[in-house]
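Visitor: I'm new to reading protein structures, and I would love a close look at a single part. Could you take me through it slowly?

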Amino acid sequence: MRILEIREKTVSIASPIANAYIDFSKMTCSVVAVVTDVIHDGKRVVGYGFNSNGRYGQGALMRDRFIDRVLEADPASLVDEANDNLDPFAIWNALMTNEKPGGHGERSVAVGTIDMAVWDAVAKIAGVPLWRLLADRFRGGVADEKVWVYAAGGYYYPGKDHGKLQDEMRSYLDRGYCVVKMKIGGAPLKQDIARIEAVLDVVGEGSRLAVDANGRFDLETAIAYAQGLKPYNLFWYEEAGDPLDFALQAELAEHYDLPMATGENLFSHQDARNLLRYGKMRPDRDWLQFDCALSYGLVEYLRTLDVMQELGWSSRRVVPHGGHQMSLNIAAGLHLGGNESYPDVFQPFGGFADGIAVEDGFVSLPQIPGVGFEAKSALYHVMREVAE
Ligand SMILES: O=C([O-])CC(=O)C(=O)O
Ligand SMILES: [Mg+2]
């Protein structure tokens, strides 16, 4: 059993939307195909992956060094004999050969995307959905049958008035979501408060609305927003300050005792550990948003979950960023708290399998082998082209 080829194609996910920090007018995303020599039911097993929005395509890094390290490794060293399958941990070690620690930069995105495709292949070779494989290998066979999801959107874009923002949020509720998320920090506080009130008119209660500042604020602004947001009792206040400014996060906790969330831009278990050690995040109410596709993949995610456990955090406090099916599988198989969803933006990479409806804020899982990409036809169409 061996990997024959790893292909990458960078595709556009450009759109006119903006958060408080970036616009997505030139956003791209890597799609990866890991082609194996395994034939199942007359068909070659190919694993697929893609990186989450917000970081750009990583084809150059993959071609410069990561892909060759896997292809040049002794194929026997990449096989897990006990499970008669490819070994994602050995493949991860091959990917990271001659990489120094620290300075995680964006190589974690390149590795995370390839790792996603490896796990897709591994679950396909095993003939089971990835969430089932993860529950069997790491959680004594117990998987969640459904996963809580929230609808992320509420971006800034030209001409988006309160009416359009309200229509967007109403359409998420109509599609079965109970909690929605909107951007803040791209307009002055007063205007953002008016946007929040407009959305609350639609969703009803603050407990059904999360807000995301995308790391825009300095401490003073973060505190001013905290004070402005407090009366609304929101679901969470996300990424107020720079993702690596743990002192800001810790200080903000002195001014805001309601739930906060962060972590989507921490790309390693060491960075996650620093957040939990120094950021004064509170395990009884705060949320962590580490995204495997950006942070060295599932092999590293298992380490991050271990770090959380060591520091007294339940895995139920993680709701990953990225709105992708890989995290949905991890959420169900490894007992996370839920998953982000982008019902409308970042298509065809956002959203879940065709025909799986959101009911009372929960989705069920695809039953096909692998991550489930083949059950989302618009996405699979893009992926298949990379393998062909
Ligand atoms: O706008 C973005 O970069 C995405 C984001 O922060 C999120 O989904 O939480
Ligand atoms: Mg965010």
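Visitor: In which loop does tyrosine 296 lie?

Guide: Happy to help! Please keep in mind that this is a predicted model. Tyrosine 296 sits in the loop between strand β11 (287-288) and helix α10 (297-310). What makes this residue worth a stop is its backbone: phi is positive, about 70°, although tyrosine 296 is not a glycine. For background, most residues other than glycine have a negative phi. Is tyrosine 296 buried or exposed? Tyrosine 296 has 27 other C-beta atoms within 10 Å, and a residue needs 20 or more to be called buried, so tyrosine 296 counts as buried.

Aspartate 41 makes a nice companion to look at next. Its phi is near 50°, again a positive value in a residue other than glycine. Aspartate 41 also belongs to a loop, the one between β2 and β3. Its surroundings tell another story: aspartate 41 counts as exposed because it has 6 C-beta neighbours inside 10 Å, and the cut-off for exposed is 12 or fewer.

A positive phi turns up once more right after helix α3, where glycine 127 has a value near 75°. There is also a peptide bond to notice. The bond from glutamine 347 to proline 348 is cis, with omega near 5°. In general, most peptide bonds are trans. Proline 348 is in a loop too, between β12 (339-341) and β13 (362-364).

Now let's step back to see where some of these pieces belong. The chain is divided into domain 1, residues 3-127, and domain 2, residues 137-387. Their C-alpha centres are 23 Å apart. The contact between them takes 38 residues from domain 1 and 39 residues from domain 2. On the domain 1 side, the elements that give two or more residues are β1, β2 (28-40), β3 (43-50), α2 and α3. Of these, α3 gives the most, with eleven residues. By type, the domain 1 side divides into 22 nonpolar, ten polar and six charged residues.

Helix α3 deserves a little more of your time. It has 20 residues and reaches 28 Å from its first C-alpha to its last, close to the 28 Å expected at 1.5 Å a residue. Most of α3 is covered, with 18 of its 20 residues buried.

Helix α3 also helps to cover another helix, α1. The buried residues of α1 are Met62, Phe66, Ile67 and Val70, and what covers them includes β1 (3-12), α2 (88-95) and α3 (107-126). A general rule helps when you look at a helix like this: there are 3.6 residues a turn, so residues three or four places apart point the same way. Helix α1 runs over residues 59-72 and spans 18 Å, close to the 20 Å expected for its 14 residues. Phenylalanine 66, one of those buried residues, is also where α1 bends by about 40°.

One last stop is glutamate 197, in helix α6 (residues 189-203). Glutamate 197 counts as exposed, because 11 C-beta neighbours lie inside 10 Å. Its C-alpha atom is 9.4 Å from that of histidine 162, although the two are 35 residues apart along the chain. An unreviewed UniProt entry annotates residues 162-259 as "domain: Mandelate racemase/muconate lactonizing enzyme C-terminal". That span is 48% helix and 11% strand, and its end C-alpha atoms lie 25 Å apart.

Conventions: Residues are numbered from 1 along each chain as its sequence is written. Chains are lettered from A and ligands numbered from 1 in the order in which they are written. This is a predicted model: local features need pLDDT of at least 70, side-chain atom pairs count only at pLDDT 80 or more; totals for chains, interfaces and linings use all residues. UniProt positions are given in the numbering used here, feature names are shortened, and annotations may be inferred rather than shown by experiment. Helices (H or I, at least four residues) and strands (E, at least two) are DSSP runs, numbered from the N terminus. The expected span of a helix is 1.5 Å times one less than its number of residues. The bend at a residue is the angle between axes fitted to the seven residues ending there and the seven starting there. Two residues are in contact if their C-beta atoms, placed from the backbone, lie within 7 Å. Domain bounds come from an automatic or database domain assignment. Ala, Val, Leu, Ile, Met, Phe, Trp, Tyr, Cys and Pro count as nonpolar, Asp, Glu, Lys and Arg as charged, and the others, Gly among them, as polar.
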